[in-house]
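Biologist: I should like a close look at a single part of this model, with its packing and its strand pairing described in turn. Please begin with the matter of confidence.

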Amino acid sequence: MKFFHAGPAPRAFGPRQGALRDGLDLQPGMKVGLFGGSFNPAHDGHAHVAETALRRLDLDRVVWLVSPQNPLKDARDSAPLAERMNSARAAAALAAHGPAMVVSDVETRIGTQWTVDTLRALVARHPGVRFVWLMGSDNLATFHRWRGWTDIMRLMPMAVIARPGSELTSRTAPAAARFAAARLPAVRARLLPELDAPAWTLLNAPLNHRSSTALRAAARAAETPTGRNA
C-alpha cells in the first residue's frame, strides 16, 4: 500500500471538467462541517461525531461526504455506494436535526478521488461558506498518511472528535505535533469556523464504541454456518 506524506498534493487529478452540479444548497455565511468517510456501514458512532460537531461548533450544516471508494482501502471490502448512502441517511437521522444533516455523493458527482481535491472543489464552488473538516480522533492518528494532508490543514479549519481507543495516539499524532501552534482550546471551539486555516481543535465527548469494522465482522460471522441463527 502506498502512503502519501507531507508536501503539496498535485492538482492534476481534480474534478472532471464540466462537473458543475454538486447537489448542495449552501449559502455564503453558512458554517458547514464536512464529514467524509466510506460509511461502510454508517452507524450511531458516526452520528455521534456529526452531532457533537454540529452542537459544539455551532454549525448550520454537517455534510456527510460518502466516498465512492476510499483509495487506501480494498474495494472488495466495500458495499455498493447506494447501500452506503442509505446507511449514512439512516445514521444521520439518528442525530435528529432534520435539514442540518445532509448526506451527499458529491465526490461521485464531481469526479474526485482524494479528499484534498474534494475540499478544494467545494471551497471554489461555494465562496463565502465557512467550511470545517470533521474527523474522528482515530483518523487523526494516521492523518499524516493522507494525500496532501498538510494542504487540507491549510485549506480549512479542522475539528477532531474523540473516538474510543485513540485518545492518546491522536494527541501524539504527527499531524497534531506538526500543527501544535494552530490548536484551539476546546472551550473556544465555537470560534473555529470563523478562523483562517490552519486551525484545529480536539473535542472530547461521551464516547460511542460502535465501529464499522466491528459491524462488518459481525455481519460476516452471521453469514457463516456456525454463526447463523437456527
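Modeller: Over residues 12-20, pLDDT (the predictor's confidence in each residue, from 0 to 100) stays under 50, and the model has 18 contacts beyond four places in sequence for this stretch, a contact being heavy atoms within 4.5 Å. Residues 211-223 also stay under 50, with 17 such contacts. This is a predicted model, in which local features need pLDDT of at least 70 and side-chain atom pairs count only at pLDDT 80 or more, while totals for chains, interfaces and linings use all residues. Residues are numbered from 1 along each chain as its sequence is written, and side-chain values use heavy atoms, with hydrogens and water left out.

For the protein chain, the mean pLDDT is 81, and 74% of residues reach 70 or more. Confidence is lowest in helix α9 (residues 212-223), with a mean of 42, and highest in helix α6 (residues 149-155), at 98. Helices (H or I, at least four residues) and strands (E, at least two) are DSSP runs, numbered from the N terminus.

The part I have chosen is strand β5 (residues 158-161), which is covered on both faces. M158 and V160 are buried on one side, and A159 and I161 on the other; buried means under 20% relative accessible area, exposed over 50% and partly exposed in between, with a 1.4 Å probe and protein chains only. In a regular strand the side chains alternate between the two faces of the sheet.

Strand β5 has pairing partners in β4 and β6, where pairing requires at least two bridges found by DSSP. With strand β4 (residues 130-136), β5 pairs in the parallel sense over 4 bridges, and I161 in β5 stands opposite G136. Strand β6 (residues 200-203) likewise pairs with β5 in the parallel sense over 4 bridges, A159 standing opposite T201 in β6.

Packing around the strand can be followed from W200. Beyond its neighbours within four places in sequence, W200 is in contact with M158 and V160, among others including L140, M153, F179 and L192. A nonpolar core is a set of buried Ala, Val, Leu, Ile, Met, Phe, Trp, Tyr and Cys residues joined through side-chain atoms within 4.5 Å. The largest such core has 34 residues, of which L34, W133, L140, F143, M158 and W200 touch the most other members. Helix α4 (residues 115-125) gives the most to this core, with 4 residues. A second, separate core of 30 residues includes A50, L54, L59 and V132.
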